[in-house]
Amino acid sequence: MAIRFSIIIPLYNKASYIQKALESIVAQTYKEWECIIIDDGSTDESAAVARCCIQRYQAESKIRILSQPNKGVAAARNNGVKAAHNEYICFLDADDWWEDSFLQEMVCLIGTYPDAGLYATNYIYFKPGKTRVALNLHSGYINYPKAYLLGDAMPVCSSAVCIPRSIMDEMGGFPENITLGEDFLLWARVALFHPVAFCDKPLAYYNNAVPASIRATCNLHQPEHHMLFHLDIIENGIKKLENTQLQSTWYALLDKLRADGLIEFWQSDKYHDAAAVELAKVNWTQLPDKAKSPYKKPIWWLKVVRRMKQTGSYFMNLCYFSTNSD
């Protein structure tokens, strides 16, 4: 029986990008798929551009657009899954794209590792001056927390993933109260109790060249909506693990995520106290000096450095879009 995929695209104000995403889907060498676009209350021409693309590709029977009031990417993905007809679910962000063999390689991965709870491929981190292959991992089952600890990127990217629908149902989908890192919380929960199968071929493109004004990471999110303030969801699962070495690896990952990710919250006037609560959970003795050193510097100096980095990133993106515009 053929493996069939449902591809979910959450769409919010990405009119300039959705065509490339859809082109990469239509170009797939493996044709057993449907695509569901969830327009999450876009205020630009995103949905109109998508409809034009569907007509141009004559793909009305394979791609459909559903609309919802703006509820965020987690709700959009969850609603896409509810509308899906197939057993295997793939996600593609509207500003990312795939190589044309992505789904075919997923078929091979599923056939080789039928018991996995999550399937992922390597991906290209796309950014002006910093484009690179994200991961240095071998194909096969991976130790998710160890791969995250030792690498420079997430071992599972939301645009390079496939998950059985039964696992989505088991996990209850993406947490809709989280607006940044909702995908990590889902993949981590799956990886706690199910094998993660990985293909080392870079078959997806994670586009980090999108202007900051329409990126989810452009500003500090309120703690109640940021995954770093909800890592207890993962900790509750870690406590149930019987393998103590694996437990230690997971705890080390959470320590690293908190130390690396909370520095901007810690240096802000508004969220300093909330960050301090989370940082108090970190086992600092297990972290390298590189992770500790920012917290030893004056906050005013960290703010200056952050501003300089933001300015540099702004001008790099500005140069890229000026060079590549029609």
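What share of the contacts in the chain with a separation of 6 or more comes from residues 24 or more positions apart? I looked this up at the start, bearing in mind that the model is predicted. Residues 24 or more positions apart account for 79% of those contacts.

**Entry: overall fold**

I went through the secondary structure next and found 13 helices and 10 strands in the chain. The radius of gyration is 20 Å, close to the 20 Å from the globule rule for 326 residues, so the chain is as compact as a globular protein of that length. Along the principal axes, I noted a box of roughly 60 × 50 × 35 Å filled by the C-alpha atoms.

**Entry: burial, surface and charge**

I checked burial over the whole chain: 51% of the 326 residues count as buried. The exposed area of the chain is about 15,800 Å². Carbon and sulfur atoms supply 53% of that area. For charge, I recorded 33 positive and 35 negative side chains. The centres of the two sets lie 5 Å apart.

**Entry: helix α9**

I then turned to α9, which covers residues 244–261 and has 18 residues. From its first C-alpha to its last, α9 reaches 25 Å, and I set this against the 26 Å expected at 1.5 Å a residue; the two are close.

Which residues of α9 are buried? I listed Gln247, Thr249, Trp250, Leu253, Leu254, Asp255, Leu257, Arg258 and Ala259. The list holds the charged residues Asp255 and Arg258 along with Trp250 and several leucines.

I also looked up what covers these buried residues. The cover includes α5 (144–150), α7 (182–193) and α8 (232–238), which come before α9 in the chain numbering. It also includes α10 (263–266), α11 (272–279) and α12 (289–292).

**Entry: positive phi outside glycine**

I looked at two residues that have a positive phi although neither is a glycine.

Asn13 has a phi of about 50°. I placed Asn13 in the loop between β1 (5–11) and α1 (18–26). Is Asn13 buried or exposed? Its relative accessible area is 17%, and the cut-off for buried is under 20%, so Asn13 counts as buried.

Gln58 has a phi of about 55°. I found Gln58 in the loop between α2 (46–57) and β3 (63–68). The relative accessibility of Gln58 is 69%, which is over the 50% cut-off, so I entered Gln58 as exposed.

My note on the pair: both residues sit in loops, but Asn13 is buried, whereas Gln58 is exposed.

Methods:
Residues are numbered from 1 along each chain as its sequence is written. This is a predicted model: local features need pLDDT of at least 70, side-chain atom pairs count only at pLDDT 80 or more; totals for chains, interfaces and linings use all residues. Side-chain values use heavy atoms; hydrogens and water are left out. Helices (H or I, at least four residues) and strands (E, at least two) are DSSP runs, numbered from the N terminus. The radius of gyration is taken over C-alpha atoms; the globule rule is 2.2 Å times the number of residues to the power 0.38. Buried means under 20% relative accessible area, exposed over 50%, partly exposed in between (1.4 Å probe, protein chains only). Contact means heavy atoms within 4.5 Å. Accessible areas come from the Shrake-Rupley method with a 1.4 Å probe; for residues, only the protein chains shown count as cover. The place of a charge is taken as NZ of Lys, CZ of Arg, CG of Asp or CD of Glu. The expected span of a helix is 1.5 Å times one less than its number of residues.
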